[in-house]
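Subject: Model handover

Hello,

Here is the model we talked about. Please open it alongside this note; my findings follow below.

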Amino acid sequence: MTRSVAGAAAFAVTALVLSNTGASAHCFVGGRFFPATLAIDDPCVADELSIPTVSWSRTGDRPAAQQLDISGEFSKRITETFGVSIAPTWTRIAPPGGPNQYGFQNVESTFKYQFLTVPEHEFVMSAALVVEWGNTGAQGVGADSFTTYTPTLYMGKGFGGLPDSLSWARPFGLTAQVGYAIPSSNSSVTVDPDTGDINTELHPHFLTYGFSLQYSMPYLKSNVVDLQLPDFVNRLVPIVEAQFQTPVSNNFGTGIGTTGTINPGVIWVGDYFQVGLEAMIPINHASGSGVGVIGQLHLYLDDIFPHSIGQPLIGGVSNPARPVFGD
Amino acid sequence: MRHFIRLATLFLVLTFGASAAVAHAFLDHASPRVGSTVSGSPSEVRLWFTQALEPRFSGAQLRSSGGAVLGSGVVDSADPKQLVIRVQGLKPGKYHVSWKVLSVDTHRTEGSFSFEVKP
């Protein structure tokens, strides 16, 4: 056993150190680059680190509390098309008059497989299992005592194939995701220590879904028309994200409805990292009170560490080849 | 702004202890410019990239609007950040350039653009 573990470790280290073949890594699909998005996940597997992502908003409570979330996410490719990520979040909730609640949310991990990549159509799809691990966070900030499994489908599509008459629209890209959140238990029972009343709380199943519509200035400059704009502008991706959750079963009498936010913002794309900033506009009062804000620094580990942790752990990637151009 | 970006990049690279980091090769600019119209035939199509390229695994192709291949590009031996396609006597019309490159740190990128030649 010890020997096999040592062998596997040696193999992993060797693969890590020696792998040095042609990689695309973060979300390149043909001539299209999909930046990492802030509210939803991008449709690729990659070696990347989002640290930190900081959001501030007011809750939908009456009176509203201020909520601050500081999170990080580390994503690692195991193979070229399969990756895992882990994402802890620290939350502080400050109701008017206090007292403040703070602590970690449940740890979330994602196991993602990028099963379809069609470069010539700038189209990509992935499937993932997102797991929020119950009892790993503080219940004072709303962390659940149960685990939630969310099978999720992701897609990305660039519009570089539009005809010349619509060339201005070619920099548009669309990403989307849809998932079904299944709690590990259907309900939880609590006893009121004062009255002795027994309360049963249902754990609904949720449909989670969202999209991003983005206009890539880098794509405009290098694939459509070079307007000789300043370099800073040529690296911007104006974006609108939206993310929603709708209870679909086991929610009778809970009073829980659809919640979500629409996030207009912009992402600046550098060679080694990107920076994103978005407003968070709640779609209804249950989703929040007033406009919040979210910002993120996102590092491209495959570019910062191209010969070590920026490579898949196992198998490297497909060998580089002489470029072949279609007929 | 460029100084800030360079400083931020340096800070991040040093902070995270990267070995010699080289990013994906993006098309920085081209001549004729992406999406431009030029008067008369250029003698070459030249593409400048943000990173040095691996000559064996990088190339470009020039096609007419009808799809005929008019030239292939190679990495400029004098500057590995440039791809050049030698052309001669391009008639007025629209032309399409496709490129696929491998940067020296083995990241692949690709893209395409058009330009137009007028008399």
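Which residue in strand 6 of chain B stands opposite B:V75? The partner is B:L83. Before the rest, one caution: this is a predicted model.

The sheet in chain B

B:V75 and B:L83 belong to a pairing worth a look. Strand 5 (residues 69–75) and strand 6 (residues 82–86) of chain B run antiparallel, joined by 3 bridges. Both sit in an open sheet of 8 strands with mixed pairing. The strand order in chain B is 1-3-6-5-4-7-8-2. Strand 1 (27–31) and strand 2 of chain B are the edges, each pairing on one side only. Ignoring direction, neighbouring strands of this sheet are turned by 20° against each other on average.

The sheet also meets the other chain. Helix 2 (residues 217–224) of chain A packs on it, touching strand 1 and strand 8 of chain B. The direction of this helix makes about 55° with that of strand 8 of chain B.

Strand 8 and its partners

Strand 8 (residues 108–118) of chain B pairs with strand 2 (residues 37–39) of chain B in the parallel sense, over 3 bridges. Within strand 8 of chain B, B:E116 is the residue opposite B:T37.

With strand 7 of chain B, strand 8 of chain B pairs in the antiparallel sense, over 10 bridges. B:V97 has B:F113 in strand 8 of chain B as its bridge partner. These two strands form a hairpin with 5 residues between them. In that hairpin, B:T106 takes a positive phi near 75°.

The core

B:V97 turns up again in the largest nonpolar core, which has 30 residues. Together with B:L47, B:F49 and B:L53, B:V97 touches the most other members. Strand 7 (residues 93–102) of chain B supplies the largest share of this core, 5 residues.

What does B:L47 contact, leaving aside its neighbours within four places in sequence? The list is B:L27, B:A30, B:A60, B:Q82, B:L83 and B:W99. Note B:L83 there: that is the residue opposite B:V75.

Chain A in brief

Chain A has 327 residues, and 39% of them are buried. Its secondary structure comprises 4 helices and 18 strands. Take the contacts in chain A with a separation of 6 or more: 62% of them are between residues 24 or more positions apart.

Best wishes

Notes. Residues numbered from 1 in each chain as written. Chains lettered and ligands numbered in written order. Predicted model: local features only at pLDDT ≥ 70, side-chain atom pairs only at ≥ 80, totals over all residues. Core = buried A, V, L, I, M, F, W, Y, C linked by C-beta atoms within 7 Å. Buried ≥ 20, exposed ≤ 12 C-beta atoms within 10 Å, placed from the backbone. Contact = placed C-beta atoms within 7 Å. Pairing = 2+ DSSP bridges. Axes fitted to C-alpha atoms, helices over the stretch in contact; angles between N-to-C directions.
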